[in-house]
Amino acid sequence: MSGEHSTLGRHNLSLGEETGSEAIAQRGQRRTTKFSGRSARDKAAPRTLALPSFPADPLDYASVASYYTKLIEGISAEIERPGAEALAECFYLRGIVFLAQGRSLQALLDFQKLEKINMNFFPWELVKQTLEAMAPEQMREVQQTEVLKHLIYEMVEKHWDQARQEESVRNYELPKAPLNKQEFNVQIQAAGIINNSKTTDRLFDVLTGGQQKLVDPQTFTEFYTRWTEMKHDTDSITLSDEVTKNLHETERVSKVSNPVKTSCGLGRLALTQKRLFLLTEGHPYYKEIARFQNIEEVESCLPVSVFPLKILALRIKVQDKKEPFVANLKSERDLWKLVIREMMAGKFLADRHKDPQYVQQALSNVQLINVVAKCNLQQRPISMAFKLASLTHSVGEEPPTVPRMTSEALKHTLHFADGSSGLCSVDVLLYVPGTLDPGESPDAHPRLWCALSDGRVVMYNAATWIVDQSPVQVGCSRLVSEQQHRLHTPWGPAVRGVTGGGGDRRCRSWPGAA
């Protein structure tokens, strides 16, 4: 028995206690909450869990086992008590005792219940160590337990993948020597900024001014600093409930303007991956301007003013609206014109190719444009940032010819070529069922796993058809199914969904898939 668990017998356990910084804040709040001259803590004393007497002989196995059994019975009685409080603490404690008994499956079941109660108590490190220490037969038993599949394959793995990625970026060191294009590509990916090599090449040309062959350390450091500031500012945006109720649950605000005068009143222009709206200074606080597919034209203008000053403004013509929207964006006008057109292009191409990944690419380009526009480059930053609006440039290109029957049946086009690899084909498709209910967590959505001939495995969220995470490179080996041409999915044989030619293999999902 370890010393960690032997301390269970020394004290009564308070079921009303919290841990960490959240607890400090809550205790401070309770001190300032008054009820007839007394604090909330004085009015309602916390409940306590009386521990059984510690065994007289800690080395006697039977005595220790009996102690753990009695302790579990006491915690279970508290959980089952009508109107029980502090359930998170009870499930956490009982899970710890189960682990001390060697009952890993029961411990994981208790820890899994914390997801719906209070994740602040979830012992990530302990669960990870428990899973790693399990024997093969124990792991099979866990995998066969339906409620634990989500714990293992979604919560724990996603948490540690994110933790490893954040740790990698946190330990990133800025370069101290000039970078050529290949070295720049490696540094940009290591910093967690871009994974697409074509976009990285365009950024390299922008930062070098199209003339030099190297990016000096000072320029890279300034770009990286501006990037981290942009990410921090974006993550710090908070919206009121009156605003968020008008947005889709997956929408995130990527850009907000300074306070400006508009044809709809004073406010801040805000942009998400779906729409443009105005955060007004007064009630109702939210005014939708347009969704990107409904914007007909974005142009610069000089509004009529009684003053001799020429105020730079932006005019946006929206479908089915008589009057255009005008915003006096002043020095921000050209930048907003560029990012709005890039988002319009992303939405247009997404609809044309039936590939929502274009919207994500447009959003990524907009982030880079915002950063480059703030950098101190030799040439005019906004003109250099224009080179990063790749989708705006490609809107006029002729779309690939698709047979009429295919176009009518096609629901989504998935592009596996990311610019960093050459020719590749889809060897295996694996569809994992899920729910398409928008009210459910994204973790419950179906998934489509795609094994490519170059050794990459790409996972799509089959509800949004967006890549959940970066492709996994599993080496140069090819993953094939036992019956390559008879791989079945809920909507039919997967082989009929693999089409395309040249260097851009595509997986087309059919009507039953969506």
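Met119 sits in the loop that links α6 (104–113) and α7 (124–133). In this predicted model, Met119 has a relative accessible area of 29%, so it counts as partly exposed. Its C-alpha atom and that of Ala88, a residue 31 positions away along the chain, are separated by 8.5 Å.

## Overall make-up

The protein contains 18 helices and 22 strands. It has 514 residues, of which 40% count as buried. Among the contacts in the protein with a separation of 6 or more, 54% are made by residues 24 or more positions apart. The accessible surface amounts to about 28,800 Å², and carbon and sulfur atoms account for 51% of that area.

## Lys255 and the second largest pocket

Lys255 belongs to strand β5. Is this residue, Lys255, buried or exposed? Lys255 is buried, because its relative accessible area is 9% and the cut-off for burial is under 20%. Leaving aside residues up to four places away in sequence, Lys255 touches Leu269, Ala270, Leu271, Leu335, Trp336, Val339 and Asn370. For one of these partners, Trp336, which lies 81 residues from Lys255 along the chain, the separation of the C-alpha atoms is 9.3 Å.

Lys255 also helps to line the second largest pocket, where Lys255, Val256, Glu332, Asn370 and Lys374 are the residues that lie nearest the centre. Asn370 therefore appears twice in this description, as a residue touched by Lys255 and as a part of the pocket lining. The volume of the second largest pocket is about 440 Å³, and its lining comprises 19 residues. By class, six of the lining residues are nonpolar, six are polar and seven are charged. Which elements supply at least two residues each to this lining? They are α12 (217–235), β5 (255–256), α14 (333–353) and α15 (357–374).

## Strands β10 to β12

Strand β10 (residues 295–301) pairs with strand β11 (residues 313–318) in the antiparallel sense, and six bridges connect the two. Within this pairing, Val298 of β10 stands opposite Ile316 in β11. On β11 there is a further antiparallel pairing, with strand β12 (residues 325–327), which is made through three bridges. Here Arg315 has Val326 in β12 as its bridge partner. The hairpin of β11 and β12 has six residues between the strands, and in it Asp320 takes a positive phi near 65°.

## Two lysines with positive phi

Two lysines in loops that adjoin α14 also have positive phi values, and the table sets out their backbone angle, place and exposure.

| Residue | Phi | Place | Relative accessible area |
|---|---|---|---|
| Lys330 | near 55° | loop between β12 and α14 | 51% |
| Lys354 | about 55° | loop between α14 and α15 | 26% |

Lys330 is exposed, because its relative accessible area of 51% falls over the 50% cut-off. Lys354, at 26% relative accessibility, counts as partly exposed. Neither residue is a glycine, although each has a positive phi. The loop that holds Lys330 leads from β12, the strand that pairs with β11, to α14, which is one of the elements that contribute to the lining of the second largest pocket. The loop that holds Lys354 joins α14 and α15, and these helices each supply at least two residues of that lining.

Terms used: Residues are numbered from 1 along each chain as its sequence is written. This is a predicted model: local features need pLDDT of at least 70, side-chain atom pairs count only at pLDDT 80 or more; totals for chains, interfaces and linings use all residues. Side-chain values use heavy atoms; hydrogens and water are left out. Helices (H or I, at least four residues) and strands (E, at least two) are DSSP runs, numbered from the N terminus. Buried means under 20% relative accessible area, exposed over 50%, partly exposed in between (1.4 Å probe, protein chains only). Contact means heavy atoms within 4.5 Å. Accessible areas come from the Shrake-Rupley method with a 1.4 Å probe; for residues, only the protein chains shown count as cover. On a 1 Å grid over the protein atoms alone, a cavity is a set of points where a 1.4 Å probe fits but cannot get out, and a pocket is an open set with protein on both sides within 12 Å along at least five of seven lines; lining residues have an atom within 4 Å of a point. Grid points are joined across faces, edges and corners, and a volume is the space filled by probe spheres set on the points. Ala, Val, Leu, Ile, Met, Phe, Trp, Tyr, Cys and Pro count as nonpolar, Asp, Glu, Lys and Arg as charged, and the others, Gly among them, as polar. Two strands pair if DSSP finds at least two bridges between them.
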